[in-house]
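Work through the exercises below with the model open beside you. Each task is followed by a solution in steps.

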Amino acid sequence: MDPVSNPYAPGAGLRPPELAGRDREIEGFAILRRRAQRGLSSRSIVMSGLRGVGKTVLLNELASSAGREGWIVGKVEADRSTGRRDFREQVAGTMNRALREARGSWEVAGKLRRALATFKSFSLKTDPSGGLAIGVEIDPEHGRGDTGSLETDLTDLALDLAAAATELGTGVALFVDELQDLTALELAAICQACHEAGQRDAAFYVVGAGLPSLPGALADARSYAERLFDYWSVDALSVAAATQAITKPAEAAAVHWDAGAVAVLVDSSAGYPYFLQEFAKATWDFAPGPRITADDAMAGILVGTASLDRGFFTSRWERATPAERDYMRAMAADQDGPSQSGEIARRLGKRSTSVGPTRAGLIHKGLVYPPEHGLIAFTVPGMANFISRQPIS
């Protein structure tokens, strides 16, 4: 069939044509917004799951829904790279854009003026040159957002932005992707801001997404974090939702998927949205159409798997050192795991203490995570099968 008309969209953070199986999360955030408009408080939200389950897509969908309702919306992606951008700088940058839009929609007066003044104080600690100007002459609010302590300053900014938003009949939401990549101090600052906002019924919310280790990282940063957020586990799609994700986009093009073809794709993808999109795209390009058969699906899966091997999996495999690859090979014996850390050391013929730095390096790179004490698992579904296809050097 015509690849130009292919409706499937595999890619990092790309919204699929049919966002199936996420109605509960979308409605949950809609309830938060409606409660905020009535002056009722809710907890901020933390979404966690493996890579490829669509956390970023869902995060973007929620951010868009808040933006459509006139909320002050900021979005950042946490950075763990060597030359990482400071979280304060990222917040200042995204809120600069959000406040520029707000300034164009509302009169700069009352609590909005104070929020802009606090933001200026906050941003000057990031860029003393004043490069993060919001397009309006306003003096910084001395004593608010300017202490240099991220925990104190982010809280000041959150409360003043929320006060302005409430006066304007809206709210504030800061969306943070890859939240587990923030430092402990940065996570603590988020917890503190959300804690203060909740105690004061202020309409400031953080919506974060990250790996399954994220709830534990937040708990380490602040002991009360387990009571501070609504924790949503984002997992693979159900059979019904995966079927909808495959078939509904094709209906608009008068293309029909045989039940057997759908079953093959759902089973091979294990319901993971990224894999579904990759396999469905390859199948569409292979099939003569307008009917897609199980044989077409099998051919598409072979092409899709090769594409995943070249990009999705290989990009992670190549980031690992030889010692880290050996560690992951030992994990792969347990398929997608989890594996016992002590057993991995035994398979490698080493003491647990000697492989500790290797394990820590893999965790830092986001290739594995500890689901609980003494266990380790891949952050990417299907990684074990990929490793089994790699030659041993």
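This is a predicted model.

**Exercise 1.** State how H13 and H15 are oriented to each other, and list the residues in contact.

Solution. Step 1: helix H13 covers residues 322–332 and helix H15 covers residues 352–364. Step 2: they pack at an angle of about 90°, with their axes 9 Å apart. Step 3: angles of 65 to 115 degrees count as roughly perpendicular, so H13 and H15 are roughly perpendicular to each other. Step 4: H13 contributes Ala323, Glu324, Tyr327 and Met328 to the contact, and H15 contributes Val355, Thr358, Arg359, Gly361 and Leu362.

**Exercise 2.** Check the span of helix H4 against the expected value, and list its buried residues.

Solution. Step 1: H4 has 15 residues, 110–124. Step 2: the expected span is 1.5 Å times one less than the number of residues, so H4 should span 21 Å. Step 3: the end C-alpha atoms of H4 are 22 Å apart, which agrees. Step 4: the buried residues are Leu112, Ala115, Leu116, Ala117, Thr118, Phe119, Ser121, Phe122 and Ser123. Step 5: one of them, Phe122, has the charged end of Arg88 over its ring, 4.3 Å from the ring centre.

**Exercise 3.** Classify the aromatic pair of Phe229 and Tyr231, and say how buried or exposed each residue is.

Solution. Step 1: the structure holds 14 aromatic pairs. Step 2: in the pair of Phe229 and Tyr231, the centres are 6.1 Å apart and the planes are at 70°. Step 3: planes over 60 degrees apart count as edge-to-face, so this pair is edge-to-face. Step 4: Phe229 has a relative accessible area of 2% and is buried, whereas Tyr231, at 31%, is partly exposed.

Conventions
Residues numbered from 1 in each chain as written. Predicted model: local features only at pLDDT ≥ 70, side-chain atom pairs only at ≥ 80, totals over all residues. Heavy atoms only, no water. Phe/Tyr/Trp six-rings, centres within 6.5 Å; stacked < 30°, edge-to-face > 60°. Buried < 20%, exposed > 50% of the residue type's maximum accessible area, 1.4 Å probe, protein only. Lys NZ or Arg CZ within 6 Å of the ring centre and 35° of its normal. Helix = DSSP H or I, 4+ residues; strand = E, 2+ residues; numbered from the N terminus. Axes fitted to C-alpha atoms, helices over the stretch in contact; angles between N-to-C directions. Parallel < 35°, antiparallel > 145°, perpendicular 65-115°, else oblique. Contact = heavy atoms within 4.5 Å.
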